[in-house]
Amino acid sequence: MEILRGKVAAAVTAIICSILWGSAFPVLKIGYEEMAIASDDISAKLVFAGLRFLGAGLMVLLLSIPFGRKERQKFTAGDYLHFIALGTMQTFLLYFFFYNGLSYTTGMKSSIIMAGENFLVILLAHYIYHNDRLSWRKTLGMLLGFLGVFLANFNEGFTLSFVFKGDGFMLIATSIGAIGTIYAKWLSASRSPFLVSGWQLSIGGLMLLLFGLPGLKAGALVFTPKGVSLLIYSMLLSAIAFSLWYALLSYHKAGEITMFRFVIPVAGVFLSAAFIPGEAINSYTLLSLLLVALGIIVVNWRFSKAPAAGKH
């Protein structure tokens, strides 16, 4: 993975990761329809999510063998308790609300609302870390981002379009994701990020399956070739994107690559409009997308200082 040390390679890889994450929104919406998952069938959605994240988690753990050679360590019982807590929060609870909310809103709105996690993390970090206070740049980026998320809930004519089971659940998932990100950052500071991510996804995926299987009705999930292909793709996109992202973090400063996360909502919106029947981009969607993307860029932009006189 030495190739990722280069700036161009890192930028291209970060964009690829973001496109993969953004593609999850239309893939899941289409997957629901292809596998005949009813919008009110919570058990089927939990099983669908559980299969995806358990599979992705196992893939990440396998990828950690060649790529997670740094920070190899033996985990204590306390570490595994943290993994269970993180898996409960960042995979089970987050995707319980995400997968159920996605049934009642559009892929475009979901991608914009979920981008709000970036700004909630900044707000939480201000109160948790003494060395990560809000600056004028972070505050401006946050305001732009939150305004974009707010406008995503309006249709043409400035009419409010908010469904709690859809948009509300997405906002809850976004809040859980922000808290989980802070927790994961703390865990990964002294542990292999690959292994933290792999265990989190695997444990959370197993919990989703355990909660979903008892209520699963016969015929609630139809495993067609296309549906299985979409499920496998969703596993791969999580495993590959997480693995590549953590590899980038091991070579570069977080701020240098986090800026490219603005591609996630952009990819989510345009791919949803392209592949999900009935979803079309309107002026509010474009404005929301622009504000959220701009907010992420402003928050993560690093202004380079001019070299002092006489120094080269």
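Start by selecting Ala36, just after α1, where phi takes a positive value of about 55°. You're looking at a predicted model, so treat each stop as a computed picture. Ala36 sits in the loop between α1 and α2. Most residues other than glycine have a negative phi, and Ala36 is a residue other than glycine with a positive one. Is Ala36 buried, exposed or partly exposed? With a relative accessible area of 44%, Ala36 is partly exposed.

Now step back into helix α1 and select residues 7-34. At 1.5 Å a residue, these 28 residues should span 40 Å, and the end C-alpha atoms are indeed 40 Å apart, which agrees. Run your eye along α1 to Ala24, where the helix bends by about 30°. A proline, Pro26, follows within four residues of that bend.

While you're in this part of the chain, pick Leu28 and then Gly107. They're 79 residues apart in sequence, yet their C-alpha atoms are 8.7 Å apart in space. Gly107 lies in helix α4. Its relative accessible area is 0%, so Gly107 counts as buried.

Next, select helix α3, residues 77-101. Its 25 residues should span 36 Å at 1.5 Å a residue, and the end C-alpha atoms are 34 Å apart, which agrees. Where is the kink in α3 centred? Look at Tyr95: the kink there is about 35°.

Tyr95 also takes you to the rings. Show Phe25, Tyr32, Phe48, Phe53, Tyr95, Phe98 and Tyr99 together, and you have one aromatic cluster. The structure as a whole holds 19 aromatic pairs. Zoom in on one of them, Phe53 with Tyr99: the ring centres are 6.2 Å apart and the planes are at 75°, an edge-to-face pair. Phe53 lies in helix α2 (residues 42-67) and Tyr99 in α3, so this pair ties together parts that are 46 residues apart in sequence. Both Phe53 and Tyr99 are buried.

For a contrasting angle, go to Tyr183 and Trp186. Their ring centres are 6.2 Å apart and their planes are at 20°, so this pair is stacked. Why is the pair about one helical turn apart? Tyr183 and Trp186 are three residues apart in helix α7 (residues 164-188), so about one turn separates them. An α-helix has 3.6 residues a turn, so residues three or four places apart point the same way. Switch on the surface and check each partner: Tyr183, at 18% relative accessibility, counts as buried, while Trp186, at 44%, is partly exposed.

Rings can have a charge over them too. Select Arg261 and look for two tryptophans. Arg261 lies over the face of Trp21, 5.7 Å from the ring centre. Arg261 also lies over the face of Trp245, this time at 5.9 Å from the ring centre.

Last stop: empty space. Rolling a probe the size of a water molecule over the atoms shows where such space is left. The second largest pocket has a volume of about 170 Å³. Which residues are the closest to its centre? Of the 16 residues that line this pocket, select Thr106, Met108, Lys109, Asn155 and Asn282. Then colour α4 (107-114) and β1 (154-155): each supplies at least two residues of the lining.

How values were computed: Residues are numbered from 1 along each chain as its sequence is written. This is a predicted model: local features need pLDDT of at least 70, side-chain atom pairs count only at pLDDT 80 or more; totals for chains, interfaces and linings use all residues. Side-chain values use heavy atoms; hydrogens and water are left out. Rings of Phe, Tyr and Trp (its six-membered ring) pair if their centres lie within 6.5 Å; planes under 30 degrees apart count as stacked, over 60 as edge-to-face and the rest as tilted. Buried means under 20% relative accessible area, exposed over 50%, partly exposed in between (1.4 Å probe, protein chains only). A charge sits over a ring if NZ of Lys or CZ of Arg is within 6 Å of the ring centre and within 35 degrees of the ring normal. The expected span of a helix is 1.5 Å times one less than its number of residues. The bend at a residue is the angle between axes fitted to the seven residues ending there and the seven starting there. On a 1 Å grid over the protein atoms alone, a cavity is a set of points where a 1.4 Å probe fits but cannot get out, and a pocket is an open set with protein on both sides within 12 Å along at least five of seven lines; lining residues have an atom within 4 Å of a point. Grid points are joined across faces, edges and corners, and a volume is the space filled by probe spheres set on the points.
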